[in-house]
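Here is a short walk through a protein model for someone meeting it for the first time. Take a look at the picture, then read on.

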Amino acid sequence: MSTHITLVNFTDQGIRNVKESPDRYEAFKVLAEQMGLTVVGVYYTVGHYDMVVILEGSDEAATAALLKVGSLGNIRTESMRAYSVEGMRKLVENL
């Protein structure tokens, strides 16, 4: 299982319908869970990005879920694979 941190920006369509954003998140959470993902956290932010989403699950499921939600036209995402300190220890163990 991997962790993915996703930075989200509203598109023009998404910001026009921003009042629906919490409901869209709830629909995304259901979709993510159906795909075997756990939504660890969701935060609305002020600044360069509009939201931060933290997911746990397979790389394939996270990618598919973000492609699916992105295809709806309300958001654009930038996702990063994240490692815990212990995960990083294992990665650098044999360097």
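Before we start, one term: two residues are in contact when they have heavy atoms within 4.5 Å of each other. Keep in mind, too, that this is a predicted model.

**The overall picture**

Let's begin with the layout. The protein has four helices and four strands, and going along the sequence they come in the order β-α-α-β-β-α-β-α. Its C-alpha atoms fill a box of roughly 50 × 30 × 20 Å along the principal axes. Of the 95 residues, 29% are buried. Take the contacts with a sequence separation of 6 or more: 64% of them involve residues 24 or more positions apart.

On the outside, the accessible surface comes to about 6400 Å², and 55% of that belongs to carbon and sulfur atoms. As for charge, there are 9 positive and 12 negative charges, and the mean positions of the two sets are 3 Å apart.

**Arg24 and Asn74**

Now for some individual residues. Arg24 sits in helix α2, which covers residues 21-34. Leaving aside residues up to four places away in sequence, Arg24 touches Phe10, Gly14, Asn17, Val18 and Asn74. Glu78 is 54 residues from Arg24 along the chain, and their C-alpha atoms are separated by 18 Å.

Asn74, one of those partners of Arg24, is found in the loop between α3 and β4. Is Asn74 buried or exposed? Asn74 counts as buried because its relative accessibility is 12%, and the cut-off for buried is under 20%. With residues up to four places away again left out, Asn74 touches Asn9, Phe10, Thr11, Gln13, Gly14 and Arg24. Phe10 and Gly14 therefore turn up in the list for Asn74 and in the list for Arg24, where contact means heavy atoms within 4.5 Å. Tyr25 is 49 residues from Asn74 in sequence, with 11 Å between their C-alpha atoms.

**The salt bridges**

How many salt bridges does the model have? The count comes to three, and here they are:

| Salt bridge | Closest N to O distance |
|---|---|
| Glu20 and Arg24 | 3.8 Å |
| Asp59 and Arg81 | 3.5 Å |
| Glu86 and Arg89 | 3.0 Å |

Arg24 shows up again here, paired with Glu20. Glu20 is partly exposed, with a relative accessible area of 43%.

The side chains of Asp59 and Arg81 meet in another of these bridges. This pair links distant parts of the chain: Asp59 is in helix α3 (residues 59-70) and Arg81 is in strand β4 (residues 75-82), 22 residues apart. Asp59 is partly exposed at 36% relative accessible area, and Arg81 is partly exposed at 37%.

Where do Arg89 and Glu86 lie? Both are in helix α4, three residues apart, which is about one turn of the helix. Glu86 counts as partly exposed because its relative accessibility is 47%.

**A nonpolar patch**

Finally, have a look at the surface around the end of the chain. Tyr83, Met88, Leu91, Val92 and Leu95 make a nonpolar surface patch of about 540 Å². One of its members, Leu95, lies in the segment after α4 (85-92). Why does Leu95 count as exposed? Its relative accessibility is 85%, and exposed means over 50%.

Note on methods: Residues are numbered from 1 along each chain as its sequence is written. This is a predicted model: local features need pLDDT of at least 70, side-chain atom pairs count only at pLDDT 80 or more; totals for chains, interfaces and linings use all residues. Side-chain values use heavy atoms; hydrogens and water are left out. Helices (H or I, at least four residues) and strands (E, at least two) are DSSP runs, numbered from the N terminus. Buried means under 20% relative accessible area, exposed over 50%, partly exposed in between (1.4 Å probe, protein chains only). Accessible areas come from the Shrake-Rupley method with a 1.4 Å probe; for residues, only the protein chains shown count as cover. Lys and Arg count as positive and Asp and Glu as negative; His and the chain ends are not counted. The place of a charge is taken as NZ of Lys, CZ of Arg, CG of Asp or CD of Glu. Patches are made of residues with over 30% relative accessible area and no salt bridge: like charges are joined within 9 Å, nonpolar side chains (Val, Leu, Ile, Met, Phe, Trp, Tyr) within 5 Å. A salt bridge is a side-chain nitrogen of Lys or Arg within 4 Å of a carboxyl oxygen of Asp or Glu.
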